[in-house]
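Reader: Hi, I'm in my first year and would like some help reading a protein model. Could we go through it together?

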Amino acid sequence: MDTKELLKKVRKIEIKTRRLSDHIFGGEYHSTFKGRGMTFSEVRQYQFGDDVRNIDWNVTARYNEPYIKVFEEERELTMMLMVDVSGSELFGTTNQFKKDIITEISATLAFSAMQNNDKAGLILFSDQIELYIPPKKGKSHVLRIIRELLEFKPKSNKTNVAEALKFLSSVMKKKAIVFVLSDFIAEDYEKTLKISGNKHDLTGIRVYDEREESIPNLGMVQMQDAETGKLSLVNTQSKSVRRAYGAYYQQRVDYFQETFTKSGCGVLSCRVDESYVKKLLGYFKRRG
């Protein structure tokens, strides 16, 4: 992709996702993640409607009337985008690859963070860390993130979510808002996710294509594994082959949902032909 074409693509994504984050997600993002860090500010007398959980019992006992703690929001948050750039993200049977949707969702979230004056960072991973951009503020930084998402060429086609989460723990010492964007065909990331989920406010966003859920009956078909490059001849006429594939796929989906939920993390699944805008808004509203 030449520079002119790349800048055109960056601009196109900026216009689309900036509008979304300005008009829709700015407020939702703020109300979903506000108050994740609160600093104690002062005490004042209890007023009707105050949250009883904030009563300062020591001061209340001293003055014989209820007093509550007043907190100030620590507004500056850090958002990390962890994006799977393995070979399977280049799959798509509709008009878009999974990678395209992941890029748009990431850009929308990055602009939402920018609008809230928060820092945003990026980790691109396969079965290794492909690129790390430390969190920073500002529009030019967000545009750099979009540029990398559009044109980065990974060294490996494989995936290792656990490795990426280990790296996150090593570089992010303070609590951050973390979005992991992948098709989550990977496995064995339960332990590392538990550690990351305890420390950070973490959400897994699974982007998938409807053709991945089941194989249609097309007779003998040569298929290539996007991550290993291995070619194999598959008899899609066989009901047991189609059933086995469907069961394997469902197993991966269940593992993703159960593992993230058990670790106290958020989950969101979006098919490439669905509106990620509605999905994200619904998720923010449920959490807000």
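Reader: Let me start in the middle: what covers the buried residues of helix 5?

Author: This is a predicted model, so please read every value below as computed from it. In this model, the cover over the buried residues of helix 5 includes strand 3 (78-84), strand 4 (119-125), strand 5 (129-136) and strand 6 (177-182), together with helix 6 (190-199) and strand 7 (201-208).

Reader: And which residues of helix 5 are the buried ones?

Author: Helix 5 covers residues 161-171, and its buried residues are Val161, Ala162, Ala164, Leu165 and Leu168. Looking down the axis of helix 5, you would find these buried residues within an arc of 160 degrees, so they line one face of the helix.

Reader: Why can residues that aren't next to each other point the same way?

Author: An α-helix has 3.6 residues a turn, so residues three or four places apart point the same way.

Reader: What caps the N-terminal end of helix 5?

Author: That is Asn160, which has a side-chain oxygen 3.2 Å from the backbone nitrogen of Ala162.

Reader: Okay, strands now. How do strand 4 and strand 5 run, parallel or antiparallel?

Author: Strand 4 and strand 5 run antiparallel and are joined by five bridges, and the hairpin that connects them passes through three residues. Among the paired residues, Ile123 has Tyr132 of strand 5 as its bridge partner, while Ala120 stands opposite Lys136, also in strand 5.

Reader: How many bridges join strand 3 to strand 4?

Author: Seven bridges join strand 3 to strand 4, and these two strands run parallel. One of the pairs there is Val83 with its bridge partner Leu124 in strand 4.

Reader: How many residues of strand 4 are buried, then?

Author: Six of its seven residues are buried, so strand 4 is largely enclosed by the rest of the structure.

Reader: Switching to the core: how many residues does the largest nonpolar core have?

Author: The largest nonpolar core has 45 residues, and Met79, Leu81 and Phe179 are those with the most contacts inside it. Helix 3 (residues 98-115) gives the largest share of this core, with nine residues. Apart from this core lies another one of 22 residues, which includes Ile123, Leu165, Leu168 and Ala186.

Reader: What is Met79 in contact with?

Author: If we leave aside the neighbours within four places in sequence, Met79 is in contact with Tyr29, Leu109, Ala110, Ala113, Lys119, Ala120, Gly121, Ile177 and Phe179.

Reader: You mentioned helix 3. Is Ser112, which is found there, buried or exposed?

Author: Ser112 is buried, because its relative accessible area is 1% and the cut-off for buried is under 20%. A polar atom of the Ser112 side chain also lies 2.9 Å from the backbone oxygen of Thr108.

Reader: What about helix 4, what span should its 13 residues have?

Author: At 1.5 Å a residue, helix 4 (residues 139-151) should span 18 Å, and the C-alpha atoms at its ends are 19 Å apart, which agrees. The buried residues in helix 4 include His141 and Glu148 as well as Val142, Leu143, Ile145, Ile146, Leu149 and Leu150.

Reader: And after that helix, is Lys153 buried or exposed?

Author: Lys153 lies in the loop between helix 4 and helix 5 and counts as exposed, at 67% relative accessibility. The C-alpha atoms of Lys153 and Ser86 are separated by 9.7 Å, although these residues are 67 residues apart along the chain.

Reader: Which residues have a positive phi without being glycine?

Author: Asn117 is one of them, with phi near 60 degrees, and Asp188 is another, with a positive phi of about 60 degrees. Asn117 is found in the loop between helix 3 and strand 4 and is partly exposed, with a relative accessible area of 48%. Asp188, in the loop between strand 6 and helix 6, counts as exposed at 64% relative accessibility.

Reader: Last one, zooming out: how many helices and strands are there in the protein?

Author: There are nine helices and ten strands, and of the 288 residues of the protein, 46% count as buried. Among contacts between residues at least 6 apart in sequence, 75% join residues at least 24 apart.

Notes: Residues are numbered from 1 along each chain as its sequence is written. This is a predicted model: local features need pLDDT of at least 70, side-chain atom pairs count only at pLDDT 80 or more; totals for chains, interfaces and linings use all residues. Side-chain values use heavy atoms; hydrogens and water are left out. A nonpolar core is a set of buried Ala, Val, Leu, Ile, Met, Phe, Trp, Tyr and Cys residues joined through side-chain atoms within 4.5 Å. Buried means under 20% relative accessible area, exposed over 50%, partly exposed in between (1.4 Å probe, protein chains only). Helices (H or I, at least four residues) and strands (E, at least two) are DSSP runs, numbered from the N terminus. Contact means heavy atoms within 4.5 Å. The arc is that of the directions from the helix axis to the C-beta atoms. A polar contact is a pair of N or O atoms within 3.5 Å; within protein, one must be able to donate a hydrogen and the other to accept it, and residues adjacent in sequence count only if both atoms are side-chain atoms. Two strands pair if DSSP finds at least two bridges between them. The expected span of a helix is 1.5 Å times one less than its number of residues.
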